[in-house]
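Open the model in a viewer with selection and distance tools at hand. The stops below go from one selection to the next.

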Amino acid sequence: MKKFSAIAICVILVISMLFGTVSVFASEAGSDISTIKDLDGKTIGVQTGVLYEDLIKDRIEGEEWLYYKMPNDMIPALSNHKIDTYLIEEVGFYAQRYEHPELVRLEEAAGYCDFAVIIGNRDNSQERLYSQMQEFIQTRRENGWLDALYDYWVKNWDPNTCVIKEIPQTSGENGEVIIAIEGGYEPFSFESNGTFSGYDVEFMMNFCAAYGYEWNFQAMEFDAIAIGVLSDKYDFGMNIVVDEERADASVLSDPYYRCDVVFVLEGEDESAAGFIDELKDSFYKTFIKESRWKLFAEGIGRTMLITCLSIIFGTVFGFVLYLACRKGNKAANFITKVFSGFIEGIPTVVFLMILFFVVFGKANVSGTWISVIGFTMIFGCGMYGMLRVGCNAISRGQTEASRALGYSDNQCFFKIILPQAAQHFLPIYKSNVVSLIKETSVVGYIAVMDLTKMGDLVRSRTYEAFFALITVAIFYFVMEAVLTALVDRVQTSIDPHRRSEAKILEGIKVQEMFH
């Protein structure tokens, strides 16, 4: 029955996504918006953390703002009429229009923004890096290099030809700098042939070469870039919108580019390609082009690593917690209660960000291992609660009888109580495994290139959601099915009601052979 239910869910998911894809490809929406004043009462999309909405809020009334994690997520939202328009910088609009020629911009700009590099904070300012960055921007602007770089990556953007033609050589004598980038935003930073490319990437490569640094690019959610730099996790953060509040709280370089912020509307889709051709093209761009299937494979491996290690370590950690509290030690019980209450009382993504940016902010620990540590603690607290519930469900008479038979306290627990308690908590354990698999999808906030993040990077390059999201969903489903099947196997092996008679009597038969 479970198999049929799973198949039905997958079929429904695929059909719904197909219809969603059809609506994206076939949508034709006429717009009644020709001026900014026409946006009164409209629904407007904007990316989280870019502050573009501040440019326009006093000029329109009754509007509703919807916030999106990635700029390209707003394209299907516009096509499916979830929003009437969205705000994006002009350079981003031109990159999007290359893949979606039906997009048009409102002639009247919302305003303009300056974009800077963020470098540490005022309490712990990295003066040397700041002065070097200022010098680099000034000299490269004066000799025309910045203008040429902008023209190449922005004004003449073509995803088929725009590559870093010559990677600069660096001595690396001054060590490594870690650079936080969005990683999924053409033409500034994006994945290409297994490495990062784009305007921001080439800009920072040349900075590092000029001052003898090795570069280390870390992709993350845009709204986590400034936080990471301010917590000294990274040396630089790219593409930061300049405003007074940010300038007061952090060290910002001089702007390294400026551009208009525009409203994007849906125009007529004049593409002559049919749905099947569009689907084939989407499949090619998602998996075949630039061997992007390797990104999914890498993401699956990292997600499996985080999930499996967290389950194993979390199970052991929860078991140790329970053993420490089992005999009623007041100090151990109080500490465990406070600890588990804190872990279970805050959202997973917030807890991971606290670990990454605060607890391990200055430590050289990768986001992958911080994820393992975080999910180990989360799963361990759940395991502790399961053991308490399961063991408390066993009658005290079992303990008294086993002690009367000469069993020690430990023998009583491991041979009598625990096997029976496991039958009570294993169904909950299985549910916690499923929950953990799903929760790992948020690790992209701490610069972990897991399956979900890899799917986001592919979507940011292809501007297609269907195959990327379906692939991510299917692999999460498969991982859940495999791990829960393993738990079911354990549950069957320890449940006398579900084991075969031959298995139950195996010990007796062996004994009979000796008589």
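Buried here means under 20% relative accessible area, and over 50% counts as exposed, with partly exposed in between. The model is a predicted one.

**Stop 1: two cysteines**

Select Cys412. Its relative accessibility is 3%, so Cys412 falls under the 20% cut-off and is buried. Then select Cys325, which is also buried, at 6% relative accessible area. How many disulfides are there? The count is 0 disulfides.

**Stop 2: helix H16**

Select residues 451-462, which make up helix H16. Is the helix enclosed or not by the rest of the structure? Because 12 of the 12 residues of H16 are buried, the helix is largely enclosed by the rest of the structure. Among these buried residues are Leu451, Met454, Leu457 and Val458, as well as the charged-pair members Lys453, Asp456 and Arg459.

Check the helix length next. With 12 residues at 1.5 Å a residue, H16 should span 16 Å, and its end C-alpha atoms are indeed 16 Å apart, so the two values agree. Step just past the end of H16 to Tyr463, where phi is positive, at about 60°.

**Stop 3: salt bridges at H16**

Stay in H16 and show the side chains of Asp456 and Arg459. They form a salt bridge, with the closest N and O atoms 2.6 Å apart. Both residues are buried. Arg459 and Asp456 are 3 residues apart in H16, about one turn of the helix. An α-helix has 3.6 residues a turn, so residues three or four places apart point the same way.

Now add Lys453 and Glu221. A salt bridge joins these two, its closest N and O atoms lying 3.8 Å apart. Glu221 sits in the loop between strand S10 (214-219) and helix H7 (225-230), whereas Lys453 belongs to H16, so this pair ties together parts 232 residues apart in sequence. Glu221 is buried at 4% relative accessible area, and Lys453 is buried at 5% relative accessibility.

Which residues does the network of salt bridges link? Select Lys69, Asp73, Glu221, Lys453, Asp456 and Arg459 to show it. The model has 13 salt bridges by count.

**Stop 4: from helix H15 to helix H17**

Move to Lys430 and Asp488, whose side chains meet in a salt bridge with an N to O distance of 2.8 Å. Lys430 lies in helix H15 (residues 409-439) and Asp488 in helix H17 (residues 466-494), so the contact ties together parts that are 58 residues apart in sequence. Compare the two ends: Lys430 is buried at 17% relative accessibility, while Asp488 is partly exposed at 22%.

**Stop 5: strand S3 and its partners**

Select residues 85-89, strand S3, which is mostly covered, with 5 of its 5 residues buried. Look along the strand: Thr85, Leu87 and Glu89 point one way, and Tyr86 and Ile88 point the other way. Residues on both sides are buried.

Which way does strand S1 run relative to S3, parallel or antiparallel? Select residues 43-47 for S1: the two strands run parallel and are joined by 2 bridges. Gly45 is the residue opposite Tyr86 of S3.

Finish with strand S12, residues 257-266, which is antiparallel to S3 and joined to it by 4 bridges. In this pairing Leu87 stands opposite Phe263 of S12.

Technical notes. Residues numbered from 1 in each chain as written. Predicted model: local features only at pLDDT ≥ 70, side-chain atom pairs only at ≥ 80, totals over all residues. Heavy atoms only, no water. Disulfide = S-S within 2.5 Å. Buried < 20%, exposed > 50% of the residue type's maximum accessible area, 1.4 Å probe, protein only. Salt bridge = Lys/Arg side-chain N within 4 Å of Asp/Glu carboxyl O. Expected span 1.5 Å × (residues − 1). Pairing = 2+ DSSP bridges.
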